[in-house]
Amino acid sequence: MSVKQNILVQSPSPIAVRLQKDLVRNVKRGHAWLYSDAVELVNVPSGSVALLEDRKGDATIAAGIYDPDHPIPFRVCTTSPPYRLDDAWLSKQLFAALKLRRTALGSDTNGFRLVAGEGDGIPGAIIDVYDRVAVMKFDGGAPEAFYRPEGIADWLVEHAGIETVVLRTRERGSVGQVLRGELGQHHTGRGQTVNTPVYFQENGMTFTADVLSGQKTGFFLDQRDNRALIRTLSNQRTVLNLFSFNGGFSVAAGRGGA
């Protein structure tokens, strides 16, 4: 799939907003958020693309996602000219994130966070991968309005080896929407059909994730290194796992000889 305009992101004509404080150096050093007292507030729709100017309006220093009604109205996306937030920009960021994970992770791990929001220069976007299933979630109204989940789903299928893409929303108790592919189902034997959990590997251990209705995107992938540490410390020890969710630390302790 060649990158086409307005497939991955909404890309309207950008508005200009001005810093209210002398924070140019902070922004250039990588500070990704600007709070409401640091930037002028302009009455535009949530998710608008904005060009950030210095206090005098003499120079553009960043481009980002804008929401005047949020405590963090400006999220920095790029501090490099030409300050354009389009499909080419997002595709470049996604490729960089994918390359980093493929470099950092071993063959015994196929469950990981592919996109970690501001950490990957894609503010407000989370994409977790469970083998060949990806789960997207957006943090706040501005990212939800700016990113195009359907286009990102197509990108993941074409470039990241993903077969199924699920979109989760912020509403508590909501069920995810399958955008691409399908999730397996099985019969319980009591006349019910339920979704089959998604299996994935983490440091050679097999786990499952409920990607449609589980907490967050289905699993706490950010605890991977902590589970690995517990595994190294558990030999011949008795381990009590409190508030265990899906038992990831218990599995790691057991594999470590607890």
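**Exercise 1.** How many cavities of 30 Å³ or more does a search of the whole structure find? Determine also which residues line the largest cavity.

*Solution.* The structure is a predicted model.
Step 1: The search of the whole structure yields one cavity of 30 Å³ or more.
Step 2: The volume of the largest cavity is about 30 Å³.
Step 3: Its lining consists of Leu90, Leu94, Val115, Ile122, Ala125, Ile127, Phe138, Tyr147 and Ile152.
Step 4: Helix 2 (87-104) and strand 7 (125-130) are the elements that give two or more residues to this lining.
Step 5: Sorted by class, the lining has nine nonpolar residues, no polar residues and no charged residues.

**Exercise 2.** Identify which members of the largest nonpolar core touch the most other members, and which elements supply the core.

*Solution.* Step 1: The largest nonpolar core has 35 residues, of which Leu90, Leu114, Ile127, Met136, Tyr147, Ile152 and Leu156 touch the most other members.
Step 2: At least two residues of this core come from each of strand 4 (60-66), helix 2, strand 6 (111-116), strand 7, strand 8 (133-138), helix 3 (141-146), helix 4 (149-159) and strand 9 (164-168).
Step 3: Helix 2 provides the largest share, five residues.
Step 4: Apart from this core lies another, of 16 residues, including Ile15, Val27, Leu34 and Ala50.

**Exercise 3.** Which residues does Ile127 touch, not counting residues up to four places away in sequence?

*Solution.* Step 1: With that exclusion, the contacts of Ile127 are Leu94, Phe112, Arg113, Leu114, Val115, Ala134, Val135, Met136, Ile152 and Leu156.
Step 2: Among these contacts, Leu94, Val115 and Ile152 also line the largest cavity, as does Ile127 itself.

Methods:
Residues are numbered from 1 along each chain as its sequence is written. This is a predicted model: local features need pLDDT of at least 70, side-chain atom pairs count only at pLDDT 80 or more; totals for chains, interfaces and linings use all residues. Side-chain values use heavy atoms; hydrogens and water are left out. On a 1 Å grid over the protein atoms alone, a cavity is a set of points where a 1.4 Å probe fits but cannot get out, and a pocket is an open set with protein on both sides within 12 Å along at least five of seven lines; lining residues have an atom within 4 Å of a point. Grid points are joined across faces, edges and corners, and a volume is the space filled by probe spheres set on the points. Helices (H or I, at least four residues) and strands (E, at least two) are DSSP runs, numbered from the N terminus. Ala, Val, Leu, Ile, Met, Phe, Trp, Tyr, Cys and Pro count as nonpolar, Asp, Glu, Lys and Arg as charged, and the others, Gly among them, as polar. A nonpolar core is a set of buried Ala, Val, Leu, Ile, Met, Phe, Trp, Tyr and Cys residues joined through side-chain atoms within 4.5 Å. Buried means under 20% relative accessible area, exposed over 50%, partly exposed in between (1.4 Å probe, protein chains only). Contact means heavy atoms within 4.5 Å.
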